Amino acid sequence: MRAAPFTLDRFILEEQRFSPGSTGELSLLLLRLGVAAKRIAAALAGAGLSQSLGSAGSSNVQGEEQKKLDVLANDILLETFDYGGLVSLAASEEMEEPVVYGGRLAEGRYAVLFDPMDGSSNIDVNGTLGTIFSIRRRRDGTVADLLRPGHEQVAAGYFLFGPAVLLVYTCGDGVHLFTLDPAIGEFLLTRRDVRMPERGKDYAVNEGRAHSWAPGVRAFVEHLKQPDKVSGRPYSTRYSASLVADVHRFLLEGGIYLYPADAAGKGAGKLRVLYECHPLAFVVEHAGGKASTGVARVLDVAPSSLHERMPLAIGSRAEVELFEKFVARG
Ligand code: AFP
């Protein structure tokens, strides 16, 4: 008999057997996310043919232009959690307020946060995109449930829409990578327990914004560019305009992604704590990497509002620690 393919549902069912007391609800939620990602992938693949590229003519709560596909991906994810009673709250970068499922009687055990379409500037040029998700336990069913430190996440991960559609996630016990097999429409396990290299040779940052960085950040990036055979410098720049794509590269090959604070350290940077920084930090830490604001561990930060931003340095432990030293020196 041939070995059955290691599908996402098989993996989740087998893992669940090792979690005593598990109700299976988190497993169902992860499987539902897989279905949503297949729908988003289908929408992306057909977007150029179905006139769904371009602007939606609206902006999100941060005042950023929304693309039609930002809105569509957001709707797909909201529909996904709308039944089954698994989720009581869903919050997203694209919505000012969270959606409360089941009104005041909401009882789903989980709250879900997501960036439905990360790297939206890549949509119209057929570049790599991602969907980032974070799953938290429901506490009292209000927004306060979401304004908590990142280390309280129950699970987090992302879908990467590139030449292949990938799922990378962790429930806190290893980071696992799946690839969508388009022939059978299933995510298949491709790497169990991914470990991030201790150091890399690449960095990703939008250097067009260097004028607004603090001196320590500028000195760090300059340092990476100075040749030094022993420490493997100069590093190469790898910036894709999609955080998911860059972090995924570094998860597999090592390196550092930066989106520093602007206004010489006074601003908060661009990336959102809850939809981008917390979930990716959870994945990267569980793979042996590190995520820092420059002065604090990302997962220890509790935001005071839903759409708060923070500076982010994420990647291999060696580079992130070096970045922190440069920031401390100022
Ligand atoms: P969206 O989630 O709004 O598409 O933003 C993309 C992003 O947050 C991140 O994925 C990119 O690395 C970064 O912004 C790109 O920002 P710049 O255009 O300022 O380089």
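Start by selecting G330: this glycine comes right after helix α7, and its phi is positive, near 75 degrees. Before moving on, keep in mind that you are looking at a predicted model.

**Back along α7**

Now extend the selection backwards to residues 317-329, which make up α7. The helix has 13 residues and spans 19 Å from its first C-alpha to its last, close to the 18 Å expected at 1.5 Å a residue.

Which residues of α7 are buried? Colour A318, E319, V320, F323, E324 and F326 to see them. An α-helix has 3.6 residues a turn, so residues three or four places apart point the same way. To see what lies over the buried residues of α7, show the elements that cover them: these include α4 (215-225), β13, β14 (290-292) and β15 (312-315).

While you're here, click on E321, also in α7. Is E321 buried or partly exposed? E321 counts as partly exposed because its relative accessibility is 31%, and the range for that class runs between 20% and 50%. If you want a distance to draw, try E321 to L271: they sit 50 residues apart in sequence and 20 Å apart in space, C-alpha to C-alpha.

**The loop just before the helix**

Step back to S316, in the loop between β15 and α7. S316 counts as buried, since its relative accessibility is 0%. Turn on the side chain and look for the backbone oxygen of P197, which the S316 side chain reaches at 2.9 Å. Then show the rest of the surroundings: leaving aside neighbours within four places in sequence, S316 is in contact with M196, P197, E198, R199, G200, G254 and G255.

**Over to the ligand**

Next, select the ligand and its shell. There are 17 residues around the ligand, and D118, S120, Y239, Y257 and Y259 come nearest. Three side chains deserve a distance label:

- D118, with a side-chain N or O atom 2.6 Å from an oxygen atom of the ligand
- Y257, where the corresponding distance to a ligand oxygen is 2.7 Å
- D115, whose side chain has an N or O atom 3.1 Å from an oxygen of the ligand

Switch to a surface view: the protein covers 85% of the 480 Å² of accessible area that the ligand has on its own. Which elements give two or more residues to the shell? They are β5 (110-118) and β13 (256-259), and β5 gives the most, with 3 residues. Colour the shell by type and you get 7 nonpolar, 4 polar and 6 charged residues.

**Along β5**

Stay with strand β5 and pick V112. V112 counts as buried because its relative accessibility is 1%. Beyond its neighbours within four places in sequence, V112 is in contact with L29, F81, V87, L89, A90, A91 and S134. One of these makes a good long-range pair: V112 and L29 are 83 residues apart along the chain, yet their C-alpha atoms are separated by 9.6 Å.

**S134 again, from Q153**

S134 turns up once more at the next stop. Select Q153, in the loop between β6 (129-137) and β7 (155-161). Its relative accessible area is 5%, so Q153 is buried. The side chains of Q153 and S134 make a polar contact at 2.9 Å. Besides S134, the contacts of Q153 outside four places in sequence include I135, R136, H278, P279, F282 and L299.

**A glycine after β13**

Go to G269, in the loop between β13 and α6 (273-286). Buried or exposed? G269 is buried, because its relative accessible area is 12% and the cut-off is under 20%. Not counting residues up to four places away in sequence, G269 touches P260, A261, D262, R309 and M310.

**Backbone oddities to finish**

Last, a quick round of backbone checks:

- The peptide bond from R233 to P234 is cis, with omega near 5 degrees; look for P234 in the loop between α4 and β12 (236-237).
- N126 has a positive phi of about 60 degrees although it is not a glycine. You'll find N126 in the loop between β5 and β6, and it is exposed, at 74% relative accessibility.
- D193 also isn't a glycine, and its phi is positive, near 55 degrees. D193 sits in the loop between β10 (186-191) and β11 (202-204) and is partly exposed, with a relative accessible area of 41%.

Note on methods: Residues numbered from 1 in each chain as written. Predicted model: local features only at pLDDT ≥ 70, side-chain atom pairs only at ≥ 80, totals over all residues. Heavy atoms only, no water. Near = heavy atom within 4 Å. Polar contact = N/O pair within 3.5 Å; in protein donor to acceptor, adjacent residues only side chain to side chain. Areas by Shrake-Rupley, 256 points an atom, 1.4 Å probe, with all protein chains shown as cover. Helix = DSSP H or I, 4+ residues; strand = E, 2+ residues; numbered from the N terminus. Nonpolar A, V, L, I, M, F, W, Y, C, P; charged D, E, K, R; others polar. Expected span 1.5 Å × (residues − 1). Buried < 20%, exposed > 50% of the residue type's maximum accessible area, 1.4 Å probe, protein only. Contact = heavy atoms within 4.5 Å.
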